[in-house]
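User: Please take a close look at one part of this model, the place where the two chains meet, and set it in the context of the elements that build it.

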Amino acid sequence: MLINCPYCGLRDLTEFVVAGEAVARPDAHGDLDGADARAAFADAVYLRENPAGVHREHWFHAAGCQSWLLVERDTRTHEIIRVDAISAGMARETL
Amino acid sequence: MKFSGFELLKNAFTGQTGWTPHWRKAEPKSSYDVVIIGGGGHGLATAHYLAKEFGITNVAVIEKGWIGSGNVGRNTTIIRSNYLLPGNIPFYELGMKLWEGLEQELNYNAMVSQRGVLNLYHSDAQRDAFARRGNAMRLHGVDAELLDRDAVRTMAPFLDFNNARFPIQGGLLQRRGGTARHDAVVWGYARAADKRGVDVVENCEVIGLRQDNGKIIGVETTKGFIDAKRVGMSVAGNSSRLASLAGLRLPIESYVLQAFVSESLKPVIDCVVTFGAGHFYISQSDKGSLVFGGDLDPYPSYAQRGSLAVFSDVAENAIAMMPMLGRLRILRSWGGIMDMSMDGSPIIDKTPIEGLFFNGGWCYGGFKATPAAGFCFAHLIAKGAHHPVAAAYRLDRFATGRVIDEKGAGPTPNLH
């Protein structure tokens with residue numbers, strides 16, 4: 001399988017680390033020991049949609065440019081729909 | 001019809017005409033005390049133990065395809081109980097004991113073969129880790145032997161002991177581990193459950209979980225609505241999809257795990273061997289084919305089809321451990337969809353919806369767990385309380401920090 005890295009071009013699957021479902025981290029401000037914050041972090045760390053279909057994932061180009069990528073992929077066919085670089089300025093909800 | 005030496009002899013003289021179907025092709029009734037979703041090994045075992053151990057016989061097992069068409073037909077048939085953590089060992093040991101009595105219990109030949117499971121170690125650190133695991137097993141009454149290099153050589157002389165990169169120093173052996181015939185496990189449980197009145201309904205997909213005030217009242221299926229007081233979900237691989245019908249999110253991602261089978265050879269490997277310097281395991285089926293596998297494909301998948309990159313890795317591991325495999329021809333491969341949980345351990349628990357129970361998150365370990373998972377899930381559904389050996393497999397253990405992480409990999413499902 002080839003992945004089209006926005007920086008490196010087409011590269012082999014073996015160069016990448018897949019970090020699974022793209023889950024936005026909860027806001028890390030305020031009372032982090034409160035029940036709401038604990039529940040929000042437990043959800044973000046452990047719970048997944050895990051759909052059969054289009055899936056947004058975090059990939060890391062470990063043996064290449066070392067960039068984090070946002071990959072949109074179909075889990076039924078393995079077809080990669082789009083690959084975007086993740087940049088510092090992106091809004092949390094888009095990650 | 002009961003299988004016996006006499007029946008075999010009788011049929012030998014009557015043209016093999018006395019054999020009858022092993023289970024009825026049941027159509028669903030309008031209402032059941034318990035509906036089990038998923039006609040794999042776990043679902044059928046659950047139905048069998050519900051009927052036999054807990055006296056609940058008004059039960060249906062609902063399967064979207066044919067029974068045994070999921071992961072119980074897509075594995076490497078290994079059975080073992082060589083775990084490290086207290087939450088796991090007693091559970092898998094109950095499973096091992098049930099395997100040992102399974103054929104008599106079901107009156108069915110599941111070809112359970114306790115040929116031994118040998119885990120190789122290749123460094124001092126790995127030897128220490130295996131010694132710790134073996135000690136943990138023995139403290140729980142499970143058999144374990146730490147073998148040195150010479151003892152492994154006597155047992156499996158075909159391994160590459162002089163590999164410069166990964167020299168074999170020894171192995172951890174569980175002699176009671178081994179293999180079983182996966183299809184026969186399905187058929188045996190289906191036949192035994194059917195005999196006690198359980199309806200095994202094939203080609204019937206669940207498309208909805210109907211609730212009323214936070215309580216389950218039945219399942220919508222492609223064959224209509226079925227009223228049920230209690231519903232058990234046992235569809236590992238597709239757990240997230242099914243649970244989403246009830247609005248639940250699970251601590252699970254689905255990944256494809258490949259396995260391979262070769263042409264048939266004369267007897268060469270008489271136990272299960274696992275490579276300690278990579279991820280590779282191999283055994284020989286009774287037909288003579290070598291059955292082996294390795295890592296997951298790295299991305300979430302529902303495709304039941306793996307990538308060439310993983311096959312290359314498996315092949316490299318194979319040849320590093322057993323150079324003679326370089327001449328082997330592969331007959332076929334298959335991919336099973338694993339419920340990879342966030343700590344690598346399974347879940348057998350109630351859900352937040354009253355009367356809806358969950359069994360899943362089996363990662364690589366579903367086949368060997370079949371009898372114990374069925375027994376403990378039946379216990380939970382019948383009594384509303386955990387069986388003592390499965391008490392740690394809670395759905396809320398992630399939020400409360402009581403994870404059971406054998407590998408210490410953290411919440412990275414594809415690394416367990």
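Analyst: The account below begins with the contact between the chains and then follows the contributing elements into the sheets behind them. The model is a predicted one, and every value given here is computed from it.

The contact draws 24 residues from chain B and 24 residues from chain A. Together the two chains bury about 2,000 Å², of which 59% lies on carbon and sulfur atoms. Polar links are also present across the boundary: 11 residue pairs are in polar contact, with both residues at pLDDT 80 or more. On the side of chain B that touches chain A, the residues comprise 15 nonpolar, five polar and four charged.

Several elements of chain B supply this side. Helix 7 (239-244), strand 12 (252-264), strand 15 (289-300) and helix 10 (397-400) of chain B each provide at least two of its residues. Strand 12 of chain B gives the most, with four residues.

Three salt bridges are found across the interface of chain B and chain A, against a count of 30 over all chains. Arg249(B) takes part in a salt bridge with Asp43(A), where the closest N and O atoms are 3.6 Å apart. Arg249(B) also forms a salt bridge with Glu49(A), with 3.9 Å between the closest N and O atoms. Arg249(B) belongs to the loop between helix 7 and strand 12 of chain B, while Glu49(A) belongs to the loop between helix 1 (35-46) and strand 4 of chain A, so this pair joins two chains.

On the chain A side, the surroundings can be described briefly. Chain A contains one helix and six strands, arranged along the sequence as β-β-β-α-β-β-β. Its C-alpha trace spans about 45 × 30 × 20 Å along the principal axes. Four of the strands form an open sheet in the order 3-4-5-6, with antiparallel pairing. Strand 3 (17-21) and strand 6 (80-85) of chain A are at the edges and have a single partner strand each, so one side of each lacks a neighbour in the sheet. From one strand to the next, the twist of this sheet averages 25°. Strand 3 of chain A is joined to strand 4 (residues 54-60) of chain A by three bridges in the antiparallel sense. Within that sheet, Val17(A) stands opposite Phe60(A) of strand 4 of chain A.

On the chain B side, strand 12 and strand 15 belong to an open sheet of eight strands, ordered 5-6-4-13-14-15-12-16, with mixed pairing. Its edge strands are strand 5 (145-148) and strand 16 (330-341) of chain B, each of which pairs on one side only. Neighbouring strands in this sheet are turned by 25° against each other on average, direction ignored. The two interface strands are themselves partners: strand 12 of chain B and strand 15 of chain B pair in the antiparallel sense over six bridges. In this pairing Val261(B) is opposite Val291(B) of strand 15 of chain B.

Helices pack against this sheet as well. Helix 8 (residues 308-321) of chain B touches strand 4, strand 12, strand 13 (272-275), strand 14 (280-284), strand 15 and strand 16 of chain B. The direction of helix 8 of chain B makes about 135° with that of strand 15 of chain B. Strand 12 and strand 15 of chain B thus appear both among the elements that supply the side touching chain A and among the strands touched by helix 8 of chain B. Helix 4 (residues 124-139) of chain B lies across strand 4 (117-121), strand 5 and strand 6 (170-174) of chain B, and runs at about 150° to strand 4 of chain B.

Further strand pairings in chain B involve strand 11 (residues 224-233). Strand 1 (residues 31-37) of chain B pairs with strand 11 of chain B in the parallel sense over six bridges, and the bridge partner of Ile36(B) in strand 11 is Gly232(B). Strand 10 (residues 215-221) of chain B runs antiparallel to strand 11 of chain B and is joined to it by four bridges; a hairpin of two residues connects these strands. Strand 18 (residues 356-360) of chain B runs parallel to strand 11 of chain B, with three bridges between them, and Leu356(B) is the bridge partner of Val231(B).

Conventions: Residues numbered from 1 in each chain as written. Chains lettered and ligands numbered in written order. Predicted model: local features only at pLDDT ≥ 70, side-chain atom pairs only at ≥ 80, totals over all residues. Heavy atoms only, no water. Contact = heavy atoms within 4.5 Å. Buried area = accessible area lost by both parts, 1.4 Å probe. Salt bridge = Lys/Arg side-chain N within 4 Å of Asp/Glu carboxyl O. Polar contact = N/O pair within 3.5 Å; in protein donor to acceptor, adjacent residues only side chain to side chain. Nonpolar A, V, L, I, M, F, W, Y, C, P; charged D, E, K, R; others polar. Pairing = 2+ DSSP bridges. Axes fitted to C-alpha atoms, helices over the stretch in contact; angles between N-to-C directions.
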